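User: Can you walk me through this one? I'd like to learn how to read it piece by piece.

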Amino acid sequence: MLQCTPTAAATLENVRAANDIPDDFGVRVFAAQAPDGSVGLGIDFRAEPAAGDAVTEQHGTTIMVAPELADQLSDVTLDVVPDPTADGNGEPQLVLRPQGEG
């Protein structure tokens, strides 16, 4: 199952609060198609998991992973890079890391 670091969970909770998303909504990770046709990861807040989602609670945050991604993300951790910019003015960025790295 996709893991989530405490820092990533706190970042997601800050996003939830800043956008007035209800506290009982979980975070759903799913395959999302970009305008150029490529496929990447999408993250959204949802009240309920979709059919077949793998669901876990980590650090007070409910994580839902779409069934087509569950195996691919089973050895990955969702983490945060506090400020990936060179100028120090950037927003935190969610990143995926192999479990055990970091």
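User: Which backbone nitrogen does the side chain of Asp53 reach?

Analyst: This is a predicted model, where local features need pLDDT of at least 70, side-chain atom pairs count only at pLDDT 80 or more, and totals for chains, interfaces and linings use all residues. Residues are numbered from 1 along each chain as its sequence is written, and side-chain values use heavy atoms, with hydrogens and water left out. Asp53 sits in the loop between strand 3 (39–46) and strand 4 (54–58); strands here are DSSP runs of E, at least two residues, numbered from the N terminus. At 2.9 Å, the nitrogen its side chain reaches belongs to Ala50.

User: Is Asp53 buried or exposed?

Analyst: Buried means under 20% relative accessible area, exposed over 50%, and partly exposed in between (1.4 Å probe, protein chains only). Asp53 has a value of 12%. So Asp53 counts as buried.

User: Strand 5 keeps catching my eye. Which residue there is the bridge partner of Val29?

Analyst: Strand 5 covers residues 61–65, and 4 of its 5 residues are buried. Strand 2 (residues 26–33) runs parallel to strand 5, with 3 bridges joining them; two strands pair if DSSP finds at least two bridges between them. For Val29, the partner in strand 5 is Val65.

User: And which residue in strand 5 is the bridge partner of Thr56?

Analyst: Strand 4 and strand 5 run antiparallel, joined by 5 bridges. They make a hairpin with 2 residues between them, and His59 in the turn has a positive phi of about 55°. The strand 5 partner of Thr56 is Ile63.

Terms used:
Helix = DSSP H or I, 4+ residues; strand = E, 2+ residues; numbered from the N terminus. Polar contact = N/O pair within 3.5 Å; in protein donor to acceptor, adjacent residues only side chain to side chain.
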